[in-house]
Amino acid sequence: MNLLILAANGQIAKIVEKRLLAEDKFKDVSLTLGLRQPKRLADLANNSRVRLLDVDLENQASVNQAVAGQDMIFMAVVDHDPDNKMTRNVISAMKANNVNRIISTNILGIYDEVPGEFGRWNRTMVKNGLAAATQSDTLLSQSGLAYTTLRLPWLNDRDEVSYQITHKNDQFVGVSGSRKSVADLVLKIITDPSLGINDSLGLADPATQGENRPVY
């Protein structure tokens, strides 16, 4: 599999990359890592399974170059731009290059699916980016691509993998989760691209259900 990770210097992206390169079951995955200033991942430059590219997600030609020849895209950044140029560029490039499968990160609350006091607090905290994040998900769901939206909880750096998945029409369970948990779900989808196809998956540590604020 040829896998493109966009915004490849992000914390979750780097966990995914490390596991892909370390675990034998992923030995047939070739990585293209797209980011601004590829020198930030210079430690991977000499890995035979890695190609580093300078990718500006708001530049259509740049995105198109990165997408060409890929089998799957992991967009490891939430599109908060009011014009959703990043999402639109990725969709356009995938269609132009006959690439069909994408995993895209987003935020919890885009369907007003987070209940209670925490839901009210979350809406207050994300309100400036909520409309753009919601529209990004809508663009993907209407694109005709095989997409999975991942609605992320408030993240922490706990050294654990613990999460419960909810679907688009479900109430969100939990408030926080580890970056390692998000990476684990991404890797499960890479292993089985049919997982979560044409769906929006929420995930969080179920042990944090009922909390009114993020758990770090």
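Two strands are counted as paired if DSSP finds at least two bridges between them. The legends below describe a predicted model.

**View 1. The open sheet of 8 strands.** The strand order is 3-2-1-4-5-6-10-8, and the pairing is mixed. Strand 3 (50–54) and strand 8 (164–166) are at the edges; each has a single partner strand, so one side of each lacks a neighbour in the sheet. On average, neighbouring strands of this sheet are turned by 20 degrees against each other, direction ignored.

**View 2. The pairing of strand 1 with strand 4.** Strand 1 (residues 2–6) and strand 4 (residues 72–75) run parallel and are joined by 4 bridges. Leucine 3 has methionine 72 of strand 4 as its bridge partner.

**View 3. Helix 4 on the sheet strands.** Helix 4, residues 116–141, lies across strand 5 (101–107), strand 6 (146–152) and strand 10 (199–204). The helix runs at about 160 degrees to strand 5.

**View 4. Helix 5 on the sheet strands.** Helix 5, residues 179–191, lies across strand 1, strand 4, strand 5, strand 6, strand 8 and strand 10. Relative to strand 6, helix 5 runs at about 170 degrees.

**View 5. Aspartate 192 in its loop.** Aspartate 192 sits in the loop between helix 5 and strand 10. The relative accessible area of aspartate 192 is 37%, so the residue is classed as partly exposed, since that class lies between the cut-offs of 20% for buried and 50% for exposed. Aspartate 192 and isoleucine 73 are separated by 119 residues in sequence and by 14 Å in space, C-alpha to C-alpha.

Notes: Residues are numbered from 1 along each chain as its sequence is written. This is a predicted model: local features need pLDDT of at least 70, side-chain atom pairs count only at pLDDT 80 or more; totals for chains, interfaces and linings use all residues. Side-chain values use heavy atoms; hydrogens and water are left out. Helices (H or I, at least four residues) and strands (E, at least two) are DSSP runs, numbered from the N terminus. Axes are lines fitted to C-alpha atoms, for helices over the stretch in contact, and angles run from 0 to 180 degrees between N-to-C directions. Contact means heavy atoms within 4.5 Å. Buried means under 20% relative accessible area, exposed over 50%, partly exposed in between (1.4 Å probe, protein chains only).
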